[in-house]
Amino acid sequence: MFDNLESLSRGLQHLTSLQHLYIDNCPKVNDLPETLLPSLLSLIIKHNCPKLKERCEGRGSHYWPLISHIPCIYI
């Protein structure tokens with residue numbers, strides 16, 4: 001569990017061929033690394049990620065225009 005992790009953008013932005021991203025138990029994470037999103041085949045956001053879930057869930061969410069092309073999304 002990464003209780004104090006707030007951002008995934010720093011450090012992951014160079015993984016431009018990443019196909020699967022699984023995020024779990026990161027309560028302070030608020031953003032996704034946008035440079036990774038075009039290559040993803042699956043995005044899974046599970047337990048205890050309230051801030052990120054809010055920004056990704058549903059058509060009107062902040063990240064929906066950037067993640068709607070991903071074939072497998074589980075939030």
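1. Leu32 lies in the loop between E1 and E2. The model is a predicted one, and this residue is a convenient place to start reading it. With a relative accessible area of 1%, Leu32 is buried, because the cut-off for that class is under 20%.

2. What does Leu32 touch, once its neighbours within four places in sequence are left aside? The contacts are Ser9, Leu21, Ile23, Leu37, Leu43, Leu52, Cys56, Tyr63 and Ile67. As for Lys51, it sits 19 residues from Leu32 along the chain, and the two C-alpha atoms are separated by 11 Å.

3. Leu32 also belongs to the largest nonpolar core, which has 16 residues. The residues with the most contacts inside this core are Ile23, Leu32, Leu43, Ile45, Leu52, Cys56 and Ile67. At least two core residues come from each of strand E1 (20–23), strand E2 (42–45) and helix H2 (50–56). In soluble globular proteins, nonpolar side chains tend to be buried together.

4. Turning to the overall layout, the chain contains three helices and three strands. Read from the N terminus, the order of elements is α-β-β-α-α-β. The radius of gyration is 11 Å, close to the 11 Å that the globule rule gives for 75 residues, so the chain is as compact as a globular protein of that length. Along the principal axes, the C-alpha atoms fill a box of roughly 30 × 30 × 15 Å.

5. How much of the chain is buried? Of its 75 residues, 31% fall in that class. Among contacts with a separation of 6 or more, 43% are between residues 24 or more positions apart.

6. On the surface side, the chain exposes about 4,700 Å². Carbon and sulfur atoms supply 53% of that area. The chain has 7 positive and 7 negative charges, and the mean positions of the two sets are 2 Å apart.

7. Two asparagines deserve a look at their backbone angles. Asn25 is not a glycine, yet it has a positive phi of about 55 degrees. Asn25 is found in the loop between E1 and E2, the loop that also holds Leu32. Its relative accessible area is 26%, so Asn25 is classed as partly exposed, whereas Leu32 is buried.

8. Asn48 is the other asparagine to check. Its phi is positive as well, about 60 degrees, although Asn48 is not a glycine. Asn48 is found in the loop between E2 and H2, and those two elements each supply at least two residues of the largest nonpolar core. Asn48 has a relative accessibility of 38% and counts as partly exposed.

9. Is His14 buried or exposed? His14 is exposed, with a relative accessible area of 65%, because the exposed class begins over 50%. His14 is found in the loop between helix H1 (9–12) and E1. From His14 to Leu37 the C-alpha distance is 12 Å, with their positions 23 residues apart in sequence. Leu37 is in turn one of the residues in contact with Leu32.

10. For a reading of the model on screen, Leu32 and His14 make a useful pair. Leu32, in the loop between E1 and E2, has a relative accessible area of 1%. His14, in the loop between H1 and E1, has 65%.

How values were computed: Residues are numbered from 1 along each chain as its sequence is written. This is a predicted model: local features need pLDDT of at least 70, side-chain atom pairs count only at pLDDT 80 or more; totals for chains, interfaces and linings use all residues. Side-chain values use heavy atoms; hydrogens and water are left out. A nonpolar core is a set of buried Ala, Val, Leu, Ile, Met, Phe, Trp, Tyr and Cys residues joined through side-chain atoms within 4.5 Å. Buried means under 20% relative accessible area, exposed over 50%, partly exposed in between (1.4 Å probe, protein chains only). Helices (H or I, at least four residues) and strands (E, at least two) are DSSP runs, numbered from the N terminus. Contact means heavy atoms within 4.5 Å. The radius of gyration is taken over C-alpha atoms; the globule rule is 2.2 Å times the number of residues to the power 0.38. Accessible areas come from the Shrake-Rupley method with a 1.4 Å probe; for residues, only the protein chains shown count as cover. Lys and Arg count as positive and Asp and Glu as negative; His and the chain ends are not counted. The place of a charge is taken as NZ of Lys, CZ of Arg, CG of Asp or CD of Glu.
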